[in-house]
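Biologist: I'm new to reading protein structures. Could you walk me through one?

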Amino acid sequence: MTALATAPAPADHRGRRPGPLLLGVRHHGPGSARGVLAALEATRPDAVLIEGPAEADGLVALAADPGLRPPVALLAHAVDDPGRAAFWPFAAFSPEWAALRWAVDRGVPVRFVDLPAAHTLAAADPSWGEAGDEDEFDGGARIDPLAELARAAGHEDPERWWEDVVELRGAAAPPGSHAPPDPPDARDPLAVFDPLAVFDALADAMAALRERHGDGGHPRDAVREAHMRLRLREARKEFGDAVAVVCGAWHVPALARRTTVTADRALLRGLPRVKTELTWVPWTHRRLARRSGYGAGIESPGWYAHLHSAPDRPVERWMTEVAGLLRGAGHPVSPAHVIEAVRLAEGLAALRGRPRPGLDETTDAVRAVLCDGSDVPLALVRDRLVVGDVLGEVPAAAPAVPLQRDLDRLQRSLRLKPCAEERELDLDLRGETDAARSRLLHRLRLLGVDWGEPAAGRAGTGTFRESWRLRWQPELHVRVAEAGVWGTTVEAAATARAASHARAADSLGEITALAERCLLGGLGDALPAVLGALADRAALDTDVAHLADALPALARSLRYGDVRGTDTGALADVAAGLAERICVGLPPACAHLDPDAAARMRARLETVHTAIGLLGPRTPDPTPEADPLPGPVGLPDRWAGVLRRLAGGERVAGEVRGRAARLLVDEGWNGGEETARLMGLALSPGAPAADAAAWTEGFVGGTGGGLLLVHDERLLSLLDDWLARVPAEAFTDVLPLLRRTFGGYEPGVRRALGELVARGPGAAAPGSAAPVPGFADALDGARADAVLPLLHLVLGQEAPA
Amino acid sequence: MTVPETIPQPGAGAVTDTGPGRAEPAAEALRPHAEHAFAHELAALAAADDHPRPARWRLSPRAVATYLLGGTLPGGTVITPKYVGPRRIVEVAVTTLATDRALLLLGVPGTAKTWVSEHLAAAVSGDSTLLVQGTAGTPEEAVRYGWNYARLLAEGPSRAALVPSPVMRAMDRGATARVEELTRIPADVQDTLITILSEKTLPVPELGEEVQAVPGFNLIATANDRDRGVNELSSALRRRFNTVVLPLPATAEDEVDIVARRVDQLGRSLELPSLPGGVEEIRRVVTVFRELRDGVTADGRTRLKSPSGTLSTAEAISVVTGGLALAAHFGDGVLRPSDLAAGILGAVVRDPAADRVVWQEYLETVVRERDGWKDLYRACREVSA
């Protein structure tokens with residue numbers, strides 16, 4: 001331990017000893033926070049140095065503002081490129097925050113000593129969530145100091161070991177109280193009375209670790225630590241030895257090492273730098289809990305906050321909170337339950353040999369006693385209490401968030417001035433600038449910044465036009481600031497927001513709408529998350545109607561939508577999966593429908609049919625010979641099979657059956673013979689008249705139905721026969737429906753039909769034995785030639801002589 | 001009042017009883033009790049145990065956990081694991097027994113509820129035989145006490161005429177009572193447990209007396225949480241229990257292992273010849289069951305609907321056993337997908353309308369696309385059509 005400048009020296013009663021006070025902590029550990037407070041109270045240093053970007057010194061004053069409420073984060077971003085940013089999150093239970101508040105409340109100067117963000121961000125790969133470096137496990141070469149220590153102490157689980165020896169120790173003692181809550185345990189070197197002893201012990205342990213592992217796979221640490229040492233020297237020059245440093249325990253041995261100023265300066269020389277700005281941004285517990293991205297990798301920020309804030313009896317208070325939450329959610333939880341849960345947690349801690357119940361024990365007890373063994377209410381507890389909904393606040397005086405700067409920049413480059421009065425904006429999406437403006441407005445709407453509202457386009461505009469009504473209201477600045485938690489640029493924030501929406505969305509329709517908005521906003525990066533959620537939701541949705549409603553929008557986007565070079569493969573896969581599910585689920589869903597539901601289902605059938613047409617044939621199976629499966633495989637074939645099942649289904653509503661038969665005719669999948677058979681079945685004497693009329697509506701209703709009848713007299717005569725057979729009393733019932741069916745035809749078609757019917761079925765071709773009514777045996781050459789002159793005129797060619 | 005220990009049983013419900021006094025292991029019992037089968041392990045644990053024991057416990061809670069989870073004692077005695085699963089579950093169960101709350105083990109069939117309950121009772125009280133088997137016909141006498149009617153008529157109500165239930169004897173002796181299939185017992189009979197569990201006393205109004213439980217008494221109940229047509233526990237009774245849900249096997253490998261082992265045992269007792277191709281088919285059945293049960297494919301990429309059936313490990317075992325019998329007696333001696341398809345269909349499609357859609361979707365979106373599953377797809381299509 002000779003490398004230690006602050007070799008444990010006999011301390012006097014106030015704990016003051018030579019040299020700076022090095023307080024090695026675990027970032028975001030409530031026990032560390034309590035320890036830091038106790039140590040600061042005991043030694044009362046003249047200045048406090050904190051691990052954090054050096055530029056943040058200017059933001060220290062804001063910490064005194066009551067409007068700055070943790071969890072918050074220091075955000076550093078490159079001025080020219082707000083997308084390049086780094087965060088240093090602080091929670092109420094972070095030791096750094098505790099030290100900061102302690103110093104600010106007493107007017108003690110605070111310095112941030114870590115490498116300036118200007119250098120961190122200039123490095124090729126800005127490491128997000130830098131403050132959590134001790135919790136990172138991402139590199140194979142990196143060692144985890146806690147795991148090493150835990151292993152040395154004979155424990156497998158580093159988190160639990162750390163919680164036992166540091167975080168849970170003294171959890172019952174109010175902050176600042178020096179009375180040890182536990183009797184000192186002879187086997188435990190850290191169980192001591194001195195508020196500084198735990199830091200000494202930790203420093204010793206880390207020194208031993210670093211002697212063996214060096215930088216432990218964190219090569220940049222050498223540079224950072226050199227900077228910290230330089231700042232420490234400056235502070236000692238200014239304030240003398242009475243300075244305290246709060247930093248990750250890993251860095252303590254490096255700070256204590258004797259090095260020369262020149263050597264440290266040499267390490268820092270020539271580092272790249274970018275122009276950066278720093279500010280405080282509000283943070284959330286959920287974000288702290290995330291392992292990647294902006295997260296600090298704390299699994300249970302809510303539990304830590306509770307340990308930090310509970311004045312005494314943490315387990316009892318925790319169980320009471322859990323009981324309150326469960327009661328609010330409608331679970332009957334009595335005080336007797338709470339008592340039993342606490343007893344079970346304590347029993348478990350004893351069985352597992354832990355000093356007091358930790359989160360594992362309390363969770364097990366909550367599950368067994370309060371949740372009847374079920375994980376469902378437990379998930380609520382985990383979400384609302386263990387992680388928690390706490391949202392930090394930042395005073396208005398904090399510097400603007402980078403999102404606002406990015407927005408300013410975009411407004412300038414797109415020449416879209418924010419102004420308070422309302423104005424109309426017409427965009428032609430074929431132009432690059434207008435397309436970018438449209439994207440910006442769509443993205444802002446996703447972020448809840450409703451600067452522009454889509455207005456109904458002027459008459460006659462095509463799909464490449466878009467109309468907006470713009471109005472910038474002052475509170476939109478606040479909205480932008482709020483949206484700052486999602487990201488540092490409009491695009492990144494909108495992407496993050498869309499992905500989060502997709503995770504939280506309840507209905508399939510919501511997600512498809514979101515997918516369309518992502519496409520409109522050009523948010524290709526959000527699409528995978530949105531489509532993933534869409535696929536999940538589609539798989540679980542039991543109502544085929546929802547799936548059928550979702551498919552057309554998807555097919556449209558896929559076929560016509562400008563996907564802007566995004567992964568259309570994913571979109572196609574999702575659409576194909578959706579179509580598969582519809583093929584499976586549609587036939588049962590069409591059975592036993594009342595007339596209104598049948599009409600809606602018929603409309604769905606049509607839109608799905610169009611959509612499946614747009615999806616087109618899927619690529620053929622590369623190994624067709626290895627696949628002698630029964631039945632068709634391609635999507636159109638499968639869809640044709642579904643339509644055939646619908647057309648021939650016994651219990652399928654008449655209108656749907658008729659429409660399926662019609663679609664089969666239109667696509668040429670059913671010949672005249674089969675169609676006539678289906679029509680004969682539907683209109684046979686045994687079928688109820690109302691059902692037959694509905695079938696007729698489905699089959700020949702809408703556009704083109706009349707022409708079908710005009711050209712196929714066989715069908716017409718079937719229909720005519722049926723109509724003549726309808727009994728008088730039933731006729732009045734079916735008349736309105738038939739009127740609707742035939743009333744929808746164009747006058748010319750109606751007249752032609754009327755003439756055909758008036759002529760009578762036998763009169764179509766007198767004397768001939770034409771197999772198809774209305775058609776002669778062979779082509780009439782003279783009548784066919786008569787059309788040629790007109791055709792040549794239309795095509796602009798000279799008629800051949 | 002003390003309860004007479006050795007009174008002939010005039011068939012008071014489904015009660016198993018062998019008092020500890022005459023619980024010498026029958027030399028050739030088909031299935032010896034846990035405390036006899038593992039007597040040497042229990043003795044070794046008791047000898048090595050230096051942690052405090054609750055009143056009338058044979059072992060400390062820590063040693064009980066070791067007995068169930070397995071381990072090696074300082075003396076070198078190897079304790080075999082009785083329960084393969086999360087350590088957490090056993091710890092919560094043992095700790096519950098040390099408090100004055102009763103323990104309710106929940107789980108779908110085939111999750112070792114009865115097995116865990118028997119071993120817990122054997123390790124805690126050295127006696128796993130104080131058992132009430134719950135059925136739809138379990139009478140109140142099986143939970144409280146009955147009468148020896150010959151004696152009752154001859155002598156009037158007296159202690160000698162009273163026939164104690166296993167629960168009553170456990171209260172008197174400070175031992176662990178077991179109730180199997182608690183939710184099968186009619187609701188009014190279930191509720192007789194409320195007084196026993198909350199007041200720790202069992203009044204005998206006919207005699208104007210009561211039996212008070214002595215320290216060490218507790219109760220382990222098991223119940224199946226996904227069966228239909230059971231008698232739900234009243235909330236009053238539910239409050240007296242700490243609930244531990246025994247999970248299904250955590251990984252596909254574990255489950256394949258369990259199914260293969262049980263199928264092997266069953267096949268031997270049914271004298272089915274062991275057939276080639278078994279493990280691969282078991283793996284597929286287990287995959288299908290797990291994917292449908294969890295509502296997500298094994299690679300975690302695709303969500304699925306879950307059918308209404310439980311699709312427990314026990315059902316996978318019976319599907320494979322059925323398939324083996326089919327292959328052995330009617331097939332070509334090799335377990336083929338066609339032997340299993342009907343069984344899988346029967347296990348998955350419980351509700352003819354909703355489950356059929358679930359199954360078809362699964363077939364078309366997952367099975368059809370999977371490499372090497374064409375034969376299974378075809379076999380399933382044939383039986384589903």
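Biologist: Let me start simple: what percentage of the residues of chain B count as buried?

Modeller: Keep in mind that we're looking at a predicted model. In chain B, 45% of the 385 residues count as buried. That chain's secondary structure comes to 17 helices and 12 strands.

Biologist: And how do I read a strand, say E5 of chain A? Are its residues buried or exposed?

Modeller: Here's the general idea: side chains in a regular strand alternate between the two faces of the sheet. Now the case here: E5(A) runs over residues 110–114, and 5 of its 5 residues are buried. On one side you have A:Val110, A:Phe112 and A:Asp114, and on the other A:Arg111 and A:Val113, so both faces are covered.

Biologist: Which strand does E5(A) pair with?

Modeller: With E2(A), residues 47–53, in the parallel sense over 4 bridges. Have a look at A:Leu49, which stands opposite A:Arg111.

Biologist: Why does helix H34 of chain A lie largely in the open?

Modeller: Because the number of buried residues among its 8, 788–795, is 0. Just after H34(A) comes A:Gly796, with a positive phi of about 75°.

Biologist: What about the two chains: how many residues of chain B are in contact with chain A?

Modeller: In general, an interface's size is often given as the accessible area lost when the parts come together. Here we can count residues instead: 32 of chain B are in contact with 28 of chain A. On chain B's side, H4(B) gives the most, with 7 residues. That side divides into 11 nonpolar, 9 polar and 12 charged residues.

How values were computed
Residues numbered from 1 in each chain as written. Chains lettered and ligands numbered in written order. Predicted model: local features only at pLDDT ≥ 70, side-chain atom pairs only at ≥ 80, totals over all residues. Buried ≥ 20, exposed ≤ 12 C-beta atoms within 10 Å, placed from the backbone. Helix = DSSP H or I, 4+ residues; strand = E, 2+ residues; numbered from the N terminus. Pairing = 2+ DSSP bridges. Contact = placed C-beta atoms within 7 Å. Nonpolar A, V, L, I, M, F, W, Y, C, P; charged D, E, K, R; others polar.
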